[in-house]
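Work through the following exercises with the sequence and the coordinates open side by side. Each task is followed by a solution that proceeds step by step.

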Amino acid sequence: MAISDPTSSAIVVGVGPESGLGGALCRRLGREGLHVFVAGRTPENIERVADSIRKDGGSATPVVTDATVEEDVIRLFDVAQAQGPVLELVIYNAGNNAWGSFVEMEAEFFENMWRVGCFGGFLVGREAARRLAPLKKGSVLFMGATASLRGRPPFTAFASAKAGLRAITQAMAREFGPQGIHVAHVVIDGAVDGDKINRNLPDYAKSKGEDGMLNIEAVSDTFWMLHKQHRSAWTLELDLRPFKETF
């Protein structure tokens, strides 16, 4: 049960519809008693997520944020630092999985994929480190994908961005882990049972069968587990997949 006067806060970047993974992450943190800064590009979406947290007894602040714009990211952390309780957790969930032919791929498409998948993660990770390092505690968790580990057609641009984000995670963990900040990377290996697939690919979602996609509440539980790990046994990377997923 959420508490009425939180003493800690969290930032979740990359929040879309209420029924998406970002929304589930925010609600999970709200139930744990953290004040949640709900960050995403669409005002209506993040307000709905924040409102759902409040209705559940928690507290939240929606902050319109484009993770690829440095000024937006800095402002987000400034707002969290000024308005909220002590920051203890930052999650980067922004992503833009798309595919295309390598030889027909426009440079703009490749760059946009990198900006969301990698550059935005750098900006958020940098600001998180700047705010958490003086506290000598906290967690920074990045959302990865199968493409973080391997590149294959037609996901060249997506894989390059996700591999870069994974490298950022590794470098941050090695630099800031000894300073008391837990940095981790979660590889999502499979389809996520959220708004994006259920709305855009309903036949595909149905074909996966019972528990054939990653349940968003179960994924959120894992993120909370990572945040609460004892520092003598921190995880750098773990992968999640449905029991029937081939790998």
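**Exercise 1. A charged pair late in the chain**

Task: Determine whether D239 is buried, partly exposed or exposed, and identify the residue with which D239 forms a salt bridge.

Solution: The model is a predicted one, and the relative accessible area of D239 comes to 39%. Since buried requires a value under 20% and exposed a value over 50%, D239 counts as partly exposed. The partner in the salt bridge is R241, with the closest N and O atoms 2.7 Å apart. R241 has a relative accessible area of 26%, so by the cut-offs of 20% and 50% this residue is likewise partly exposed.

Among the salt bridges that share partners, a network joins E70, D78, R126, E127, R130 and R131; two of its members are taken up next.

**Exercise 2. A pair within one helix**

Task: Locate R131 and E127 in the secondary structure, and decide whether they are buried or exposed.

Solution: Begin with the contact itself, a salt bridge between R131 and E127 whose closest N and O atoms are 2.9 Å apart. Both residues belong to helix α4, which spans residues 107–132, and they are separated by four residues, about one turn of the helix. Finally, R131 and E127 are both buried.

**Exercise 3. A pair across the sequence**

Task: Which parts of the chain does the salt bridge between E245 and K208 tie together?

Solution: The closest N and O atoms of E245 and K208 are 3.9 Å apart, which falls within the 4 Å cut-off for a salt bridge. E245 lies in the segment after β9 (237–240), whereas K208 lies in the loop between α7 (202–207) and β8 (214–215), so the pair links parts that are 37 residues apart in sequence. A search of the whole structure finds 17 salt bridges.

**Exercise 4. The surroundings of β6**

Task: Describe how strand β6 is covered, and establish with which strands β6 pairs.

Solution: Strand β6 comprises residues 182–188, and seven of its seven residues are buried. The residues H182, A184, V186 and I188 point one way, while V183, H185 and V187 point the other way, and all of them are buried.

Turning to the neighbours, β5 (residues 139–145) pairs with β6 in the parallel sense over seven bridges, and V140 stands opposite V183. Between these two strands the chain passes through helix α5 (residues 156–176), giving a β-α-β crossover that is right-handed. β6 also pairs with β9, in the parallel sense and over four bridges, with H185 standing opposite E237 of β9.

Key
Residues numbered from 1 in each chain as written. Predicted model: local features only at pLDDT ≥ 70, side-chain atom pairs only at ≥ 80, totals over all residues. Heavy atoms only, no water. Salt bridge = Lys/Arg side-chain N within 4 Å of Asp/Glu carboxyl O. Buried < 20%, exposed > 50% of the residue type's maximum accessible area, 1.4 Å probe, protein only. Pairing = 2+ DSSP bridges. Right-handed = clockwise from strand over helix to strand, strands pointing away.
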